[in-house]
Protein chains: 2
Amino acid sequence: MNMMDETGGRETSATRAAYLSLREMILVGELPAGQKLKIEQLRARLNMGASPVREALSLLTSDMLVERIDQRGFKAAPASLANFEEILMLRTTLEDMALRKSMARATPEWEERLVLSHHKMKRLAGSDTFEDAHKSFHMTLLSNSDAPMLERYCSQLYDLNIRYRYLAAGGEGYQSRDIAAEHEDIFDAAVRGDAEAASAALLSHYRLTGAYLKTQLGGL
Amino acid sequence: MNMMDETGGRETSATRAAYLSLREMILVGELPAGQKLKIEQLRARLNMGASPVREALSLLTSDMLVERIDQRGFKAAPASLANFEEILMLRTTLEDMALRKSMARATPEWEERLVLSHHKMKRLAGSDTFEDAHKSFHMTLLSNSDAPMLERYCSQLYDLNIRYRYLAAGGEGYQSRDIAAEHEDIFDAAVRGDAEAASAALLSHYRLTGAYLKTQLGGL
DNA sequence: ATGTCAATAAATATCGATATTTTCAAATCT
DNA sequence: AGATTTGAAAATATCGATATTTATTGACAT
């Protein structure tokens, strides 16, 4: 039996599809923090066998979005104020490091990618794909660091933080500050090659967002 | 059919057994860096089905000891001088942070665990379980940081570094310096509560080891 | 000889069917 | 009544069998 999926399009692998779906569901809170993740349920929901689901959950363990308890299945990683604060702390430390490394090795090619991703982010403000563009901008800032593990950590921590944004306000309501101006500051300093200013702007951006989110996270 | 294993002992789960075996095999170089990891081979070698092997490999992806290429299987993470240097950089940064946090919250209970793990490590010098005791000592130093993700990163990075020790000299030959004295310095400063001294001693320990290893890693 | 393409072989990915373990609740004993 | 044991019921973990995909080999045309 060949798997001429819905739209006739050829997907990659079932495991990858499951990984992406489950990741998204956890990030936006569709699968709430701390909830037990039952294979049978997910299997039915995603319309595939148990093997790809198990494997996807194992992979999500890497990202600290899922916890695995031997012999007792999986659950969505719990959320807590302490966890949020630890993420913020690690993020500021590691992104600062990565940004400085990135800038120290600045090339025209990197600057061009930065200009492009900044432009796309501005253009997509308000759109439902803004989230992706926003992450892309931040990761592009770090992408020239020549330290792949460091970048991986930053990407992981970025994702973990997304979840708290949704927890705080269902994904909305964080446009209250002038985020665009903050991004502009980071971007300008980065292109200008002023590492101190870029770092200060980036950290300030994260700390302001962090402080705001903390006020919204009463239920933790 | 019940699985009355060899010694009649009841293990935990096949997945966990596979995870531990494969992890060890990669760390000591029995499965060389960069090598393709074929399910069928490993399945036969570990005497179990394909599912636990696949799941264990997925979990090892978390630890950055295995790479997964969609639709194309798994391979042991490649080793390189650049990777070694990145590990060293991240390790010094993160362990420094964790050690300071740990010490800032020092309690008698933590000090006691530290004394104990230091004692055990000294006692096991030369033994084949020294490696475990050594890791245990270093992790105990950090274990009071109240930052679980940070500790997890440190533990991961520690393991990744082990592999380079084996690559450098088959696991031997790194006793040439007076390692015991270096550990003693770290330990004394930590118990004394002198964070600056402890941090300096710890970083020096890692940098000396790192510099030594680098001389031995010609083949990368 | 050399590069392309088809046929074959090998390996991965996935499913469906069980065996094992854990969980939960009712029944039993003190 | 309260604690403990026992037995379904549910869920996880694992196996063995296929389907799918990727890698390899050898024929064929240039």
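So, S1 of chain B and strand S3 of chain B, residues 74-76, pair in the antiparallel sense, and they do it over two bridges. Keep in mind as we go that this is a predicted model. If you want a residue to click on, take Leu37(B): its bridge partner in S3(B) is Phe74(B). Zooming out a little, the chain B sheet is an open one with three strands in the order S1-S3-S2, and the pairing is antiparallel. Which strands sit at the edges there? Strand S1, 36-37, and strand S2, 66-68, of chain B, each of them pairing on one side only.

Okay, over to chain A. There we again have three strands in an open, antiparallel sheet, with the order S1-S3-S2. The edges in chain A are strand S1 at 36-37 and strand S2 at 66-68, and each has a partner on one side only. For chain A I'd rather show you the other pairing: S2(A) runs antiparallel to strand S3, residues 74-76 of chain A, over three bridges. Within that pair, Glu67(A) stands opposite Lys75(A) in S3(A). And what packs on this sheet? That's helix H3 of chain A, residues 50-62, which touches S1, S2 and S3 of chain A. The direction of H3(A) makes about 110 degrees with that of S2(A).

Now the DNA, strand D to be specific. There are 23 residues around it, and the ones that come nearest are Gly73(A), Ser13(B), Ala14(B), Thr15(B) and Gly49(B). Which elements give two or more residues to that surface? From chain A it's helix H2, 39-46, and H3; from chain B it's helix H1, 14-27, and helix H3, 50-62. H3(B) gives the most to the surface near DNA strand D, with three residues. As for the chemistry, you get eight nonpolar, eight polar and seven charged residues near DNA strand D.

Next, how the two protein chains meet. The contact takes 21 residues from chain B and 21 residues from chain A. Looking at the chain B side, the elements giving two or more residues are H3, helix H4 at 81-104 and helix H7 at 148-169. H3(B) has the largest share of that side, seven residues. So where have we met H3(B) before? At the surface near DNA strand D, where H3(B) gives the most. By class, the chain B side that touches chain A splits into eight nonpolar, eight polar and five charged residues.

Last bit: two helix pairs, one from each chain. In chain A, look at helix H4, residues 81-104, and helix H9, residues 195-216. Their axes come within 10 Å and cross at roughly 160 degrees. Why call them antiparallel? Anything over 145 degrees counts as roughly antiparallel, and H4(A) and H9(A) are therefore roughly antiparallel to each other. The crossing of H4(A) past H9(A) is right-handed. On the H4(A) side the contact includes Leu88(A), Arg91(A), Leu99(A) and Met103(A), and on the H9(A) side it includes Ala195(A), Leu202(A), Tyr206(A) and Gly210(A). The tally for that contact is eight nonpolar, three polar and four charged residues.

In chain B, the pair to look at is helix H5, residues 108-123, with helix H6, residues 130-142. Those axes come within 9 Å and cross at roughly 160 degrees, so H5(B) and H6(B) are roughly antiparallel to each other too. Which hand is the crossing, left or right? H5(B) passes H6(B) in a left-handed crossing. Among the residues that meet there are Leu114(B), His118(B) and Met121(B) from H5(B), facing a set from H6(B) that includes Ala133(B), Phe137(B) and Leu141(B). That contact divides into five nonpolar, five polar and two charged residues. Right, that's my tour, happy to take questions.

Note on methods. Residues are numbered from 1 along each chain as its sequence is written. Chains are lettered from A and ligands numbered from 1 in the order in which they are written. This is a predicted model: local features need pLDDT of at least 70, side-chain atom pairs count only at pLDDT 80 or more; totals for chains, interfaces and linings use all residues. Two strands pair if DSSP finds at least two bridges between them. Helices (H or I, at least four residues) and strands (E, at least two) are DSSP runs, numbered from the N terminus. Two residues are in contact if their C-beta atoms, placed from the backbone, lie within 7 Å. Axes are lines fitted to C-alpha atoms, for helices over the stretch in contact, and angles run from 0 to 180 degrees between N-to-C directions. A residue is near a molecule or strand if its C-beta atom, placed from the backbone, lies within 6 Å of it. Ala, Val, Leu, Ile, Met, Phe, Trp, Tyr, Cys and Pro count as nonpolar, Asp, Glu, Lys and Arg as charged, and the others, Gly among them, as polar. Angles under 35 degrees count as roughly parallel, over 145 as roughly antiparallel, 65 to 115 as roughly perpendicular and the rest as oblique. A crossing is left-handed if the near helix is turned anticlockwise from the far one by less than a right angle, and right-handed if clockwise.
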